[in-house]
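Work through the exercises below with the coordinates open. Each task is followed by a solution in steps.

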Amino acid sequence: MAEQKVRWGILATGGIAAAFTADLVDLPDAEVVAVASRRQESADAFAERFGIPRAYGDWTSLAEDGDIDVVYVATPHSAHREAAGLCLEAGRHVLCEKAFTLNAREAAELVALAKARGSFLMEAMWMYCNPLVRRLKALVDDGAIGEVRHVQADFGLAGPFPPSHRLRDPAQGGGALLDLGVYPVSFAQLLLGEPSDVTARATLSAEGVDLQTGALLSWDDGALASLHCSIVGGTATAASITGSAGRIDVPGGFFFPECFVLHRDGRDPEEFTADPADGPRNTLRHEAAEVMRALRAGESESPLVPLEGTLAVMRTLDAIRDRVGVRYPGEGTGGDETAGEAPELTPA
């Protein structure tokens, strides 16, 4: 594959699929060869928009297209298990949008399936691939602010979203947590790993999804994370990391930052800014480039977005939902008690 373009299939035709494809077609070593939707007319329109040669009106045809190296799954997360599993079963590599699945049990099933098939699998956590976020993590890992004691992060949209919107629909995994809260949780766990304890409170809608959620994560070494997400109020989308010898502030858009400021005891603040050569702040090309790098290197997962990290985030999201009482159709009233267990390998 090193001498050839990586051939992509796009599964779904919504807004995030369009944004990803627009960035993908600008990469010289990528080629988008097919797109699929559950409606042929949607696939045809998407293919015409981006100059994609093949358009399928079903997911199976895309999964079984042997000309495709890797499939980008961009459905609502309630369908990620089915769509990604279908592609993995057919021998395709997969980049799957976040939240990775509805719950940790489904995530563990996909990871086990990928390992059984010898296929590459990665969550599309573009924040982890962002060059400035990687710089921030490197500074923290190098001890620039000492031991991390506290992480704060928030992500909220003002809405309002009507009850008919997918963000209010339990059948589509609606609510603030899986769509928006996955970012603060992933940010905290990027720096601190999986927490030892989770406390949370939420305001629920009449449909039973979370309109806003606040979570306090704690670790055995005493570190804490204060996180918030909302679909009823626009937040600053800011983040701050406090350490024993300093602090890093990300003033806004922490998951695709323009800059961050390093405060170290006894020194002047240092500002780190995004390199214009890395593209616009909202580019998704970095995650696509990481997938293609890993495929050419023969890797089954990305060191930037490791599968165990994805599973750990899903376990935390499950724990938060358990604390606030959000259940999706098909889940038991006592929480997903099998989350994280070794699953049987069953077709999606």
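**Exercise 1.** Which residues in α4 meet which residues in α5?

Solution. The model is a predicted one. On the α4 side, the residues are His-80, Arg-81, Ala-84, Gly-85, Leu-88 and Glu-89. They meet Glu-106, Glu-109, Leu-110, Leu-113, Ala-114 and Arg-117 in α5. Next, take the geometry: the axes of α4 and α5 are 10 Å apart and the helices pack at an angle of about 5 degrees. That makes the two helices roughly parallel, because angles under 35 degrees count as such.

**Exercise 2.** Determine how far helix α4 is covered, and by what.

Solution. Helix α4 spans residues 80-89, and 7 of its 10 residues are buried. These are His-80, Arg-81, Ala-83, Ala-84, Gly-85, Cys-87 and Leu-88. Their packing partners include the strands β1 (6-11), β4 (70-73), β5 (93-96) and β6 (121-123). The helices α3 (59-63) and α5 (104-117) are also packed against by the buried residues of α4. After the helix comes Gly-91, with a positive phi near 90 degrees.

**Exercise 3.** Describe how α1 and α2 cross.

Solution. Start from the axes: those of α1 (residues 15-24) and α2 (residues 40-50) come within 11 Å and cross at roughly 25 degrees. The two helices are therefore roughly parallel to each other. The crossing of α1 past α2 is right-handed. α1 supplies Ala-17, Ala-18, Thr-21 and Ala-22 to the contact, and α2 supplies Phe-46, Arg-49 and Phe-50.

**Exercise 4.** Characterise the pair formed by Phe-260 and Phe-272, and place it among the ring contacts.

Solution. There are 12 aromatic pairs in the structure. In the one formed by Phe-260 and Phe-272, the centres are 4.9 Å apart and the planes are at 15 degrees, a stacked arrangement. Phe-260 belongs to strand β13 (residues 259-264) and Phe-272 to strand β14 (residues 270-273), so the pair ties together parts that are 12 residues apart in sequence. Then check burial against the cut-off of under 20%. Phe-260 has 1% relative accessibility and counts as buried; Phe-272, at 15%, also counts as buried. Beyond four places in sequence, Phe-260 touches, among others, Leu-132, Leu-136, Leu-139, Ile-248 and Val-250.

Elsewhere, one aromatic cluster is formed by Trp-126, Phe-155, Tyr-183, Phe-187, Phe-254, Phe-255 and Phe-256. Arg-281 lies over the face of Phe-256, at 4.3 Å from the ring centre. The charged end of Arg-38 sits over the ring of Trp-59, 3.8 Å from its centre.

**Exercise 5.** Find backbone angles that merit a check.

Solution. Begin with the expectation: most residues other than glycine have a negative phi, and most peptide bonds are trans.

- Phi of Ala-12 is positive, near 110 degrees. Ala-12 is in the loop between β1 and α1, and it counts as buried at 12% relative accessibility.
- Thr-237 has a positive phi of about 45 degrees. Thr-237 is in the loop between β10 (224-230) and β11 (239-243), and it is buried, with a relative accessible area of 12%.
- The bond joining Lys-98 and Ala-99 is cis, with omega about -5 degrees. Ala-99 is in the loop between β5 and α5.
- The bond from Gly-159 to Pro-160 is cis, with omega near -5 degrees. Pro-160 is in the loop between β7 (148-156) and α8 (176-192).

Key
Residues are numbered from 1 along each chain as its sequence is written. This is a predicted model: local features need pLDDT of at least 70, side-chain atom pairs count only at pLDDT 80 or more; totals for chains, interfaces and linings use all residues. Side-chain values use heavy atoms; hydrogens and water are left out. Rings of Phe, Tyr and Trp (its six-membered ring) pair if their centres lie within 6.5 Å; planes under 30 degrees apart count as stacked, over 60 as edge-to-face and the rest as tilted. Helices (H or I, at least four residues) and strands (E, at least two) are DSSP runs, numbered from the N terminus. Buried means under 20% relative accessible area, exposed over 50%, partly exposed in between (1.4 Å probe, protein chains only). A charge sits over a ring if NZ of Lys or CZ of Arg is within 6 Å of the ring centre and within 35 degrees of the ring normal. Axes are lines fitted to C-alpha atoms, for helices over the stretch in contact, and angles run from 0 to 180 degrees between N-to-C directions. Angles under 35 degrees count as roughly parallel, over 145 as roughly antiparallel, 65 to 115 as roughly perpendicular and the rest as oblique. A crossing is left-handed if the near helix is turned anticlockwise from the far one by less than a right angle, and right-handed if clockwise. Contact means heavy atoms within 4.5 Å.
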